[in-house]
Amino acid sequence: MSKRSIAAVLAVLLGLAGVAVTTAASAADTLLSQGKPALASSQEGADVSADKAFDGDAGTRWSSQFADPQWIRVDLGATASISRVVLQWEGAFGKAYQIQTSTDAATWTTVHTQSNGAGGTETIDVTASGRYVRLLGTARGSGYGYSLYEFKVYGGSTPTAGCTENAAQGRPATASSSEGADVGPEKAFDGNAATRWSSQFADPQWIRVDLGASRSICRVTLQWEGAFGKAYQIQTSADGATWTTVHTQSNGAGGTETIDLSATGRYVRLNGTARGSGYGYSLWEFQVLTGGGPTTEPDEFSTIWTDTFDGPANTSPSAANWIRRTGTQYPGGAANWGTGSVETASDSTANVSLDGTRQAHHQSDPRRRREVDLRAHRDPAHRLRPAAR
Ligand SMILES: [Ca+2]
Ligand SMILES: [Ca+2]
């Protein structure tokens, strides 16, 4: 490598370092609101909808009807720290208003109050956090409504700590239907963005995943194929039978939907009630993110059968549940038992018995090697879990 090219590389590296430092220093001033979903109490006409205040275009605007109060809000998509709000008013400005934040769009915290504004461009420094940011106008500055060219929210995005593990990947999945064998429900949980689940073309439909244990759920991400769900609920359950709705979408637009939650459950279900197209429901991926470890131990075992050992004291374990190999029934014969000082195994309760307190005892006399080979009838995989200890 020539000196000249080394110098060029160094210049590029220094340039990158400079960019990185600048980005870090100004992280608190990131524009968070542009292009995010917006909603308002009213709009004067179809061309002045709420989203026009968040489109980054100083030539388009939101305008409310001509009455007090009015509000406009934006959904940042996740809780963020908020450092500044900039309002670019049209002539129809708000004279008195509050800037409010919320984590759920239901309970609002006022972080700034303006009681005698003059319109124009207002830059408001705040120290706040929230997912939703709202301007609540209480007194108009003119006979018209409230009209904003732009409503900019700046801050530093605060990723939910540790909300990164996709607990649904590779877990058992079922659905109300599948369009074909190659688009089964497991395809929505395989971590492959090129494979998908697709339902039949009817409402309603559902798809669910078993996380294996109760988990704290901080986020669900839906990556819709063109056949998206317009109306659906996200539901959780502890038992796969009783469901709790933790999120409702009534007018979705498909694409990738990120839904922040504070939920708990072992089973997570999307219950689709209205399709967004003439096709079914189709998901490339359905992620269920958790913030940490399981709230209970993962249940890696499936209970095949149980024996509660609840017979009377000094009786043998149930012959319906257990095989008692005695004499020389054990494969290989008695000569292979222990040290050679063998007493032929017998079915005596002195060898194996219940104690009347739901426990089975296996007696083994080291001097005489009295033993019974006690095996479960129906446990080919030896994945036996006693129901009583
Ligand atoms: Ca605009
Ligand atoms: Ca997939």
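**View 1. Arginine side chains over aromatic rings in the predicted model.** Arg84 is placed over the face of Tyr154, 5.8 Å from the ring centre. In a second example, Arg269 has its charged end over the ring of Trp243, at 4.3 Å from the centre of that ring.

**View 2. Coordination of the calcium ion (ligand 1).** Backbone oxygens labelled O are contributed by Lys52, Asp57, Thr60 and Tyr149, and side-chain donors by Asp55 (OD), Thr60 (OG1) and Glu150 (OE), at 2.2 to 2.6 Å. Along the chain, these donors follow the spacing K-x2-D-x1-D-x2-T-x88-Y-E. Distant parts of the chain are thereby linked: Lys52 lies in the loop between β2 (38–40) and β3 (62–63), whereas Glu150 belongs to strand β8 (residues 147–157), 98 residues apart. Glu150 is buried, with a relative accessible area of 2%.

**View 3. The hairpin of β5 and β6.** Strand β5 (residues 94–102) runs antiparallel to strand β6 (residues 109–114), and five bridges join the two. Ile99 has His112 in β6 as its bridge partner. Six residues lie between the strands, and Ala105 in the turn has a positive phi of about 65 degrees.

**View 4. Aromatic pairs, of which the model contains six.** Phe66 and Tyr144 form an edge-to-face pair, with 5.4 Å centre to centre and 90 degrees between the planes. This pair links the loop between β3 and β4 (70–89), which holds Phe66, to the loop between β7 (121–140) and β8, which holds Tyr144, 78 residues apart. Phe66 is partly exposed at 39% relative accessible area, while Tyr144 is exposed at 53%. Trp89 and Tyr97 form a tilted pair, 5.8 Å centre to centre with 50 degrees between the planes. Trp89 is buried at 5% relative accessibility, and Tyr97 is buried at 0%.

Methods:
Residues are numbered from 1 along each chain as its sequence is written. Chains are lettered from A and ligands numbered from 1 in the order in which they are written. This is a predicted model: local features need pLDDT of at least 70, side-chain atom pairs count only at pLDDT 80 or more; totals for chains, interfaces and linings use all residues. Side-chain values use heavy atoms; hydrogens and water are left out. Donors are N, O and S atoms within 2.8 Å of the metal (3.2 Å for Na, K and Ca); water is not among the atoms, so sites may look incomplete. Helices (H or I, at least four residues) and strands (E, at least two) are DSSP runs, numbered from the N terminus. Buried means under 20% relative accessible area, exposed over 50%, partly exposed in between (1.4 Å probe, protein chains only). Two strands pair if DSSP finds at least two bridges between them. Rings of Phe, Tyr and Trp (its six-membered ring) pair if their centres lie within 6.5 Å; planes under 30 degrees apart count as stacked, over 60 as edge-to-face and the rest as tilted. A charge sits over a ring if NZ of Lys or CZ of Arg is within 6 Å of the ring centre and within 35 degrees of the ring normal.
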